[in-house]
Amino acid sequence: WANVQLRGGVVEIDVAALRETGWEEPSGPERWTPPAATGTGVIDFTGLETFEVKVIYDNGDAELIAALELVSPANKDRPANRRAFALKCANYLEQGTSVIIVDVVTGRSRSLHEELLSILELNSTEILSTESSLSAIAYRSLRENAHTNIEWCAQMLVVGKAMPKVPMWIGTDVSVPVDLEATYMKTFEYIRVPSPSAERNGT
């Protein structure tokens, strides 16, 4: 559980992963192989603006290792909001927490990925999309001596097509797949409305 104070308000992680005592890295066929990173950069976090993230320990043993952020229209509607969102994600990465940003907001075209890279003072020639900023991007930070490497795996989202699986890093070399399509369809089932596939089939 984490929160960021923004002018008296509270912004919380949409989905958080906590590591508990007794957790062991999976091996063999249970270990998922994530896709290769689509970008990487070296960052020095010294001097970056910081938002306070409070980690509540479960029996003194839990630690925040991953966060999944679902972008809302308000996150993208003005420069100050985009910067606040990017600063929050940068702070997670500074603390070694992996981050997944899922952006399905069609009414705002500004890229939060570019905003985050700007906060981290990283240059990227990567063009996520020429038509849409819809994306699911997994980030992780890797500490190496005095430097921190930031890696990201970006996958574009297309309206009407299935959503991808993205890696959530829960260890230095261990990730688990986050199946966005399965989660999306499960949500439709939970709220008891026809799924997009059912509507297309006329059922």
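**Entry 1: Leu 93**

I looked up Leu 93 and found it buried, because its relative accessible area is 0% (buried means under 20% relative accessible area, exposed over 50%, partly exposed in between, with a 1.4 Å probe and protein chains only). This is a predicted model, in which I took local features only at pLDDT of at least 70 and side-chain atom pairs only at pLDDT 80 or more, while totals for chains, interfaces and linings use all residues. Residues are numbered from 1 along each chain as its sequence is written, and side-chain values use heavy atoms, with hydrogens and water left out.

Leu 93 belongs to helix H2 (helices, H or I of at least four residues, and strands, E of at least two, are DSSP runs numbered from the N terminus). I then took the C-alpha to C-alpha distance from Leu 93 to Ile 65, which is 9.8 Å, with their positions 28 residues apart in sequence.

**Entry 2: Nonpolar cores**

I next searched for nonpolar cores (sets of buried Ala, Val, Leu, Ile, Met, Phe, Trp, Tyr and Cys residues joined through side-chain atoms within 4.5 Å). The largest one holds 23 residues, and Leu 93, Ile 101, Leu 116, Leu 120, Tyr 139 and Trp 152 have the most contacts inside it. At least two residues of this core come from each of helix H2 (79-94), S6, H3, S7 and strand S8 (147-156). H2 provides the largest share, seven residues. Another core, of 16 residues, lies apart from it and includes Ile 65, Ala 66, Ala 138 and Ile 170. I note for context that nonpolar side chains tend to be buried together in soluble globular proteins.

**Entry 3: Cavity**

I searched the whole structure for cavities of 30 Å³ or more and found one. For this search a cavity is a set of points, on a 1 Å grid over the protein atoms alone, where a 1.4 Å probe fits but cannot get out, and lining residues have an atom within 4 Å of a point. Grid points are joined across faces, edges and corners, and the volume is the space filled by probe spheres set on the points. The volume of the largest cavity is about 60 Å³. Its lining has 10 residues, of which Asp 103, Leu 112, His 113, Ser 135 and Ile 137 are the closest to its centre.

Which elements supply at least two residues each of the lining? They are strand S6 (98-103), helix H3 (112-119) and strand S7 (135-144). S7 gives the most, three residues. I sorted the lining of the largest cavity by class and obtained five nonpolar, four polar and one charged residues. In this sorting Ala, Val, Leu, Ile, Met, Phe, Trp, Tyr, Cys and Pro count as nonpolar, Asp, Glu, Lys and Arg as charged, and the others, Gly among them, as polar.

**Entry 4: Salt bridges**

I counted four salt bridges in the structure (a side-chain nitrogen of Lys or Arg within 4 Å of a carboxyl oxygen of Asp or Glu). I looked up the following pairs.

- Glu 69 and Lys 88 form a salt bridge whose closest N and O atoms are 3.2 Å apart. Glu 69 is in strand S5 (residues 63-70) and Lys 88 in helix H2, so the pair ties together parts 19 residues apart in sequence. Glu 69 counts as buried at 1% relative accessibility, and Lys 88 counts as buried at 3%.
- Asp 103 and Lys 76 meet through their side chains at 2.8 Å, N to O. This pair links distant parts of the chain, with Asp 103 in strand S6 and Lys 76 in helix H1 (residues 73-76), 27 residues apart. Asp 103 is buried at 3% relative accessibility, and Lys 76 is buried at 1%.
- Arg 140 and Glu 151 form a salt bridge with closest N and O atoms 3.2 Å apart. Arg 140 lies in strand S7 and Glu 151 in strand S8, so parts 11 residues apart in sequence are tied together. Arg 140 is buried, with a relative accessible area of 11%, whereas Glu 151 is partly exposed at 22%.

**Entry 5: Cysteines**

How many disulfides does the structure hold? I found zero (a disulfide is a pair of cysteine sulfur atoms within 2.5 Å). Cys 89 is buried, with a relative accessible area of 1%, and Cys 153 is buried, with 6%.

**Entry 6: Glu 121**

I last looked up Glu 121, which lies in the loop between H3 and S7. Glu 121 has a positive phi of about 55° although it is not a glycine. Most residues other than glycine have a negative phi. Is Glu 121 buried or exposed? Glu 121 is exposed, because its relative accessible area is 70%.

Notes:
On a 1 Å grid over the protein atoms alone, a cavity is a set of points where a 1.4 Å probe fits but cannot get out, and a pocket is an open set with protein on both sides within 12 Å along at least five of seven lines; lining residues have an atom within 4 Å of a point.
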